[in-house]
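Student: I should like a close look at one part of this model, followed by an account of how that part relates to the rest of the chain.

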Amino acid sequence: MVTVLKFSASWCAPCKMLSQALGERENVQEIDIEQDMELAQKYKVRNVPTLVFLKNDVEIHRSVGVISPKTFDDILTEINDSKEINLYSWRGTFRIFSSL
């Protein structure tokens, strides 16, 4: 199962836009970077909003900025359907490499 960590801040307008766009999703954990700085540092979050996609507790994709619900769903589908390692880039572009 894929878990998504959504890093945001209360003062961040794009974070609010992303929350409205995605709505309530069961696999998304909301994390306020000001209240949980340790976790934000662990995942090296530099900008908000940031979505970190984890599969088996391993980060396999990262998206920075506002994305549409369709893009979010496409990322989840790609992750769930893939038997390969999905590496992320800072722009959120998929880069698929064979598993070693």
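In which helix do D74 and K70 both lie, and how many residues apart are they?

Tutor: D74 and K70 both belong to helix α3, which covers residues 69-81, and they stand 4 residues apart, about one turn of the helix. Helices (H or I, at least four residues) and strands (E, at least two) are DSSP runs numbered from the N terminus. Residue numbers start from 1 along each chain as its sequence is written. The model is predicted, so local features are reported only at pLDDT of at least 70 and side-chain atom pairs only at pLDDT 80 or more, whereas totals for chains, interfaces and linings use all residues, and side-chain values rest on heavy atoms, with hydrogens and water left out.

Within α3, the side chains of D74 and K70 meet in a salt bridge, with 2.8 Å from N to O. A salt bridge here is a side-chain nitrogen of Lys or Arg within 4 Å of a carboxyl oxygen of Asp or Glu. K70 is exposed because its relative accessible area is 56%, whereas D74, at 37%, counts as partly exposed. The classes are buried, under 20% relative accessible area; exposed, over 50%; and partly exposed in between, computed with a 1.4 Å probe on protein chains only.

The setting of α3 is best described from the sheet outwards. An open sheet is formed by 4 strands in the order β2-β1-β3-β4, with mixed pairing. β2 and β4 (58-64) are the edge strands; each has a single partner strand, so one side of each has no neighbour in the sheet. From one strand to the next, the twist averages 20°. β3 and β4 pair in the antiparallel sense over 6 bridges, where two strands count as paired if DSSP finds at least two bridges between them. In this pairing L54 stands opposite E59 of β4.

Two helices can now be placed against these strands. Helix α1 (residues 13-22) lies across β1, β2 and β3 and runs at about 145° to β1. α3 packs on the sheet as well, touching β1, β2, β3 and β4, and its direction makes about 20° with that of β3. The angles run from 0 to 180 degrees between N-to-C directions, the axes being lines fitted to C-alpha atoms, for helices over the stretch in contact.

The pair in α3 belongs to a set of 4 salt bridges found in the whole structure. Another of them joins E30 to K6, whose closest N and O atoms are 2.9 Å apart. E30 lies in β2 (residues 28-32) and K6 in β1 (residues 2-8), so this pair ties together parts that are 24 residues apart in sequence. K6 counts as buried because its relative accessibility is 2%. A further salt bridge joins R62 to E59, again with closest N and O atoms 2.9 Å apart. R62 is buried at 10% relative accessible area, while E59 is partly exposed at 22%.

R62 also leads to the loop between α2 (37-42) and β3 (50-55), where V45 is found. V45 is in contact with F7, I33, A40, T50 and R62, leaving aside its neighbours within four places in sequence; contact means heavy atoms within 4.5 Å. V45 is itself buried, with a relative accessible area of 16%. Its C-alpha atom is separated by 9.7 Å from that of S8, a residue 37 places away along the chain.

A covalent link also deserves mention. The count comes to 1 disulfide, the rule being a pair of cysteine sulfur atoms within 2.5 Å. This disulfide joins C12 to C15, with S to S 2.4 Å, and both cysteines are buried. The torsion about the S-S bond is about 80°, so the disulfide is right-handed.

For the chain as a whole, there are 3 helices and 6 strands, arranged along the sequence as β-α-β-α-β-β-α-β-β. Of its 100 residues, 39% count as buried. Among contacts between residues at least 6 apart in sequence, 56% join residues at least 24 apart.

Confidence varies along the chain. The mean pLDDT, the predictor's confidence in each residue from 0 to 100, is 86, and 82% of residues reach 70 or more. Over residues 89-100 the pLDDT is below 50, and this stretch has 25 contacts in the model beyond near neighbours in sequence. Where pLDDT is low, predicted coordinates should not be read in detail.
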